[in-house]
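Q: I have a protein model open and would like to learn how to read its helix packing and its aromatic pairs. Could you take me through a few features?

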Amino acid sequence: MGCTSVLSRVPRFAVMFVSMLAAAAPAAAQDLDYVPGEVIVKLRGGQGASGAQRFMGKAVSAGGLKLQRSWAGINMHKFSVRADAPPKDVLAIVQELQGDPDVEFAEPNYYVRSQSTGVEREISAQEFEATGSSGSMSQTSAHIEAESAWTIMSPNAPVVTVAIIDTGIDYNHRVFAASGAIWTNPNEVPGNGIDDDRNGYVDDVRGWNFVANTASPMDDDGHGTHVAGIVLGVTQNIRANPISTAKIRLMPLKFLDSKGVGTTSDAIEAIYYAANNGAQVLNNSWGGGGFSQALIDAINYAYSRKAVFVAAAGNSSSNNDASPTYPANYAFPNLISVAATNDWDGLAGFSNFGKFTVHVGSPGVSILSTLPNDTFGYANGTSMATPFVAGVAALMLREAPAMNGYQIKNLILGGIDNASSLANKVATSGRLNVHSSVERAKATSPDPYMPAYDPASNGASRAPAQAKTAAGCGLVGKAILDGGGGQGPMRMIAFFGLLAALMAPILLSVYLRRKDGKNNRRHERYQIDSRVRVRFGDRELVGQVSSISLGGVQLNTDAWLEQGGVVTMQIASPDGKDVISVEGRVVWSEEQKRYGVAFQNAEDGALAAISRWTQSLLRT
Ligand code: CA
């Protein structure tokens, strides 16, 4: 669809969406732009206040930097170049800071953008109410089975909060006002100028505006309002007049400006706000910029708070496996990367895809939803596909409030409708199904255990600075999907997590052993011919191991393996007489150009067995 033809049909929101149309073009250089003169710095832990003070002194006097914002508790700070300091390129500042012994990492403050290709057509409230047949959802004609999901929903379930991390929401829109869908902060007294709940934000009664740093997250763009209407529309009929009371709450967190552009540091702040103020679902219809460890840390925080993080795959028609889109590409057990599909479950022409890094398809073409000032309109983008998934996550949490983010992800990915056109395009080869996701949530008895997650695996493939985590991958031969019964994978993960907690001294010894060698990043690899069963999520692979080391194995498979995913493996000894169980994490080996499994929390007995086996094996 040409930009000009879209714009000529849009009388009102044309200007505000120009930047999004530009952002939709595949333009790598543009994606990597950053705020001039700003850097995000994380200081090393364990040095206490004196270390931080020492660094601040250096940064201000010698570095010409000015502290702008600190995230207490995680040792992270945003600096800007002082006006009186000599002008210096951000990348040069970052490089200097990375050489500082007090600094864990330093990075530019990247720009990010909303992931819509623009509003197609605007309609009035009357037209909106007249669309479609009554009692059905209005946003899409794709068969995602939202209406039938509504019939099986529990009537008196807890209210779930979805954070809309976006351009804001027109919270006065009749759909939101009449349904009571906008989140309100119960512990904040409006307009008294006091931070009543001491969360760091004064008078934040309905979220926050991180762009202007005010308590008004009003949408001055339209994108966030459209996204919010999609989330609400998955959970109830928003065309009904009068509209019924909302079963969820939408938390407006504005960090994208009136052109749909924001910064990574504001995104991070919004994510912490969401996770700290009760949002269990985080909708992220935005992306761009370079690899950001600071953003990874924020998502990891959301993971630890049990939230699910839904992210737009991007609108560049490109393969995210080959060229990553952030934050969608960060590997987290609770992160769902969403591609856009049309009414017939085909991949939208603009949508990014990725057999390994994009998880699921969801409607994102000609999606009808709310726009500011009591209007409605059709829009396109992975921005629109993402909130369908967020809405489903909210419905599932109503049915099973104890679920963690990674459990929600597993159930959504397991509940898709297969779509042949999505094969090799998204990891599940499928499109979101609301009904089966909700049904699966109703049937689950979630294990409350939260396995610890080490986000360092994110760096294995995509960022050279983090390559250490790919250490110790061996080789495994061809494995095939046999669809075996996944009996209690959650329980398995939980079990190994518990084991990990008990095995801390052994972990240390494994770590020390790694550092002993001449090359502390590699273990000797051995040729082996053994059978392996790999369980991840609901699926099980059966295959052959062709090489092994104390650090891990490598899988050569066409089956779905997600970077960062937790797997459990049962590996048979070469003589087939004994079997060991090892937990691992899927990593990418840049050298081998393959996914592998790095052992983590490996039981001492298992490592001893591998050492024993390898005595009779040849090195690779
Ligand atoms: Ca407050």
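Here is a short dialogue on the chain, one helix pair and some ring pairs.

Q: Happy to start with the basics: what kind of model is this, and how many helices and strands are in the chain?

A: Good place to begin. This is a predicted model. The chain holds 18 helices and 25 strands. Of its 620 residues, 61% count as buried. Looking at contacts between residues at least 6 apart in sequence, you find that 75% of them join residues at least 24 apart.

Q: Now to helices: at what angle do helix 12 and helix 13 pack?

A: The general idea first: two packed helices are described by the angle between their axes and the distance between the axes. In this structure, helix 12 spans residues 382-399 and helix 13 spans residues 405-414; they pack at about 115°, with axes 11 Å apart. Angles of 65 to 115 degrees count as roughly perpendicular, and helix 12 and helix 13 are therefore roughly perpendicular to each other. Their crossing is right-handed.

Q: Which residues make the contact between helix 12 and helix 13?

A: From helix 12 come Val-389, Val-392, Ala-393, Met-396 and Leu-397, and from helix 13 come Ile-408, Leu-411 and Ile-412. Sorted by class, this contact has eight nonpolar residues, with no polar and no charged ones.

Q: Let's turn to rings. How many aromatic pairs does the structure hold?

A: There are 15 aromatic pairs in the structure. One of them joins Trp-183 and Tyr-273: the ring centres are 6.3 Å apart and the planes stand at 85°, so this pair is edge-to-face. As a general guide, a pair of aromatic rings is described by the distance of the centres and the angle of the planes.

Q: Where in the chain do Trp-183 and Tyr-273 sit, and are they buried or exposed?

A: Trp-183 is in the loop between helix 8 (174-179) and strand 7 (208-209), while Tyr-273 is in helix 10 (residues 264-276); the pair links distant parts of the chain, 90 residues apart. Both Trp-183 and Tyr-273 are buried.

Q: Which aromatic pair do Tyr-201 and Tyr-273 form, edge-to-face or stacked?

A: Tyr-201 and Tyr-273 are edge-to-face, with 5.0 Å from centre to centre and 75° between the planes. Tyr-201 lies in the loop between helix 8 and strand 7 and Tyr-273 in helix 10, so this pair ties together parts that are 72 residues apart in sequence. Tyr-201 is buried, as is Tyr-273.

Q: And which residues do ring pairs link into a cluster?

A: The cluster is made up of Trp-183, Tyr-201, Trp-208, Phe-210 and Tyr-273, linked by ring pairs.

Note on methods:
Residues are numbered from 1 along each chain as its sequence is written. This is a predicted model: local features need pLDDT of at least 70, side-chain atom pairs count only at pLDDT 80 or more; totals for chains, interfaces and linings use all residues. Side-chain values use heavy atoms; hydrogens and water are left out. Axes are lines fitted to C-alpha atoms, for helices over the stretch in contact, and angles run from 0 to 180 degrees between N-to-C directions. Helices (H or I, at least four residues) and strands (E, at least two) are DSSP runs, numbered from the N terminus. Angles under 35 degrees count as roughly parallel, over 145 as roughly antiparallel, 65 to 115 as roughly perpendicular and the rest as oblique. A crossing is left-handed if the near helix is turned anticlockwise from the far one by less than a right angle, and right-handed if clockwise. Contact means heavy atoms within 4.5 Å. Ala, Val, Leu, Ile, Met, Phe, Trp, Tyr, Cys and Pro count as nonpolar, Asp, Glu, Lys and Arg as charged, and the others, Gly among them, as polar. Rings of Phe, Tyr and Trp (its six-membered ring) pair if their centres lie within 6.5 Å; planes under 30 degrees apart count as stacked, over 60 as edge-to-face and the rest as tilted. Buried means under 20% relative accessible area, exposed over 50%, partly exposed in between (1.4 Å probe, protein chains only).
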